[in-house]
Amino acid sequence: MSISFDYDLTYPGPAFPIAEISIFSESNLQANALTALVDTGADATLIPLALLESIHARRVDTKFARGINGNRYVVRLYSITITIGPYKVYGIDAVANENTSEIILGRDVLNQLMIRLDGIAQITEIEV
């Protein structure tokens, strides 16, 4: 079975692959129908801090990350589960995104899925 999502044509620059997700905390609070950018160049998944706090996600660690400019900075990690359609990805330590309201699905999630980015048709397909 596969599910598909149309690219976001309103994103500045080229059309951007997206997926509709839900996130869950360990206490089973959830946020549904969230649009996430599918970013194969991102090592980690980023979720807005306010969203993580709203579902009472558990803070698990503080680490260092590097931005695309090479600068190192401190990030806070929160334990969540992500669902995409019927598929669940457990044990994600998401980076609290304090700079934007964007949700970015990184390779920590994407590497657990079979994904096809069809740039010509502008569709993200995920096999579940």
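This is a conversation about a predicted model, in which a biologist asks why particular words are used for its parts and a modeller answers.

Biologist: Let us start with single residues: why is V74 called exposed?

Modeller: The relative accessibility of V74 is 52%, and the word exposed is kept for values over 50%, so V74 counts as exposed. The residue is found in strand β6, and, leaving aside its neighbours within four places in sequence, V74 is in contact with T62, K63 and F64.

Biologist: How do you know that V74 and K63 come together in space although they are 11 residues apart along the chain?

Modeller: Their C-alpha atoms are separated by 5.7 Å, and K63 is also among the residues that V74 contacts, where contact asks for heavy atoms within 4.5 Å.

Biologist: T81 lies in strand β6 as well; what makes T81 buried or exposed?

Modeller: T81 has a relative accessible area of 14%, and buried means under 20%, so T81 is buried. Not counting residues up to four places away in sequence, T81 touches S22, I23 and F24, and also K88, V89, Y90 and G91.

Biologist: What makes the phi of A33 worth a remark?

Modeller: Most residues other than glycine have a negative phi. The phi of A33, however, is near 50°, which is a positive value in a residue other than glycine. A33 has its place in strand β3, and, because its relative accessible area is 65% and the limit for exposed is over 50%, A33 is called exposed.

Biologist: Which value of phi does H56 have, and where does H56 lie?

Modeller: H56 is not a glycine either, yet its phi is positive, at about 55°, and the residue lies in the loop between α1 and β5. With a relative accessible area of 57%, set against the limit of over 50%, H56 is therefore exposed.

Biologist: Turning to the strands, how do you know that β2 pairs with β3?

Modeller: Two strands pair if at least two bridges are found between them, and β2 and β3, which covers residues 30–38, have six bridges in the antiparallel sense, with F24 standing opposite Q30 in β3. The two strands form a hairpin with five residues between them, and N28 in the turn has a positive phi of about 70°.

Biologist: How many bridges join β2 to β6, and in which sense do these strands pair?

Modeller: β2 and β6, residues 72–84, are joined over three bridges in the antiparallel sense, which meets the requirement of at least two; the bridge partner of I23 in β6 is I82. Strand β2, residues 18–24, is mostly covered, with six of its seven residues buried.

Biologist: Why are β1 and β9 said to stand at the edges of their sheet?

Modeller: The open sheet is made of three strands in the order β1-β10-β9, with antiparallel pairing. Each of β1 and β9 has a single partner strand, so one side of each is left without a neighbour in the sheet. Direction ignored, neighbouring strands of this sheet are turned by 20° against each other on average. Between β9 and β10, residues 123–127, there are five antiparallel bridges, and M114 stands opposite E127 in β10.

Biologist: What makes a group of residues a nonpolar core, and which members of the largest one touch the most other members?

Modeller: Such a core takes in buried nonpolar residues joined through side-chain atoms within 4.5 Å. Of the 34 residues in the largest core, I21, I23, I47, I80, I82, I84 and L105 touch the most other members. Elements that each supply at least two residues of this core include β1, β2, β3 and α1, and the largest share, five residues, comes from β3. Not counting residues up to four places away in sequence, I47 touches I23, L52, I80, A94, V95, A96, N97 and I103.

Biologist: Last, which residues lie closest to the centre of the largest pocket, and what makes a residue part of its lining?

Modeller: A lining residue has an atom within 4 Å of a point of the pocket. About 510 Å³ of space lies in the largest pocket, and, of the 18 residues that line it, A42, D43, L46, R66 and Y73 are the closest to its centre. β5 gives the most to this lining, with four residues, while β5 and β6 each supply at least two.

Conventions. Residues numbered from 1 in each chain as written. Predicted model: local features only at pLDDT ≥ 70, side-chain atom pairs only at ≥ 80, totals over all residues. Heavy atoms only, no water. Buried < 20%, exposed > 50% of the residue type's maximum accessible area, 1.4 Å probe, protein only. Axes fitted to C-alpha atoms, helices over the stretch in contact; angles between N-to-C directions. 1 Å grid on protein atoms, 1.4 Å probe; cavity = no way out; pocket = protein on both sides within 12 Å on 5 of 7 lines; lining within 4 Å. Points joined across faces, edges and corners; volume = space filled by probe spheres on them.
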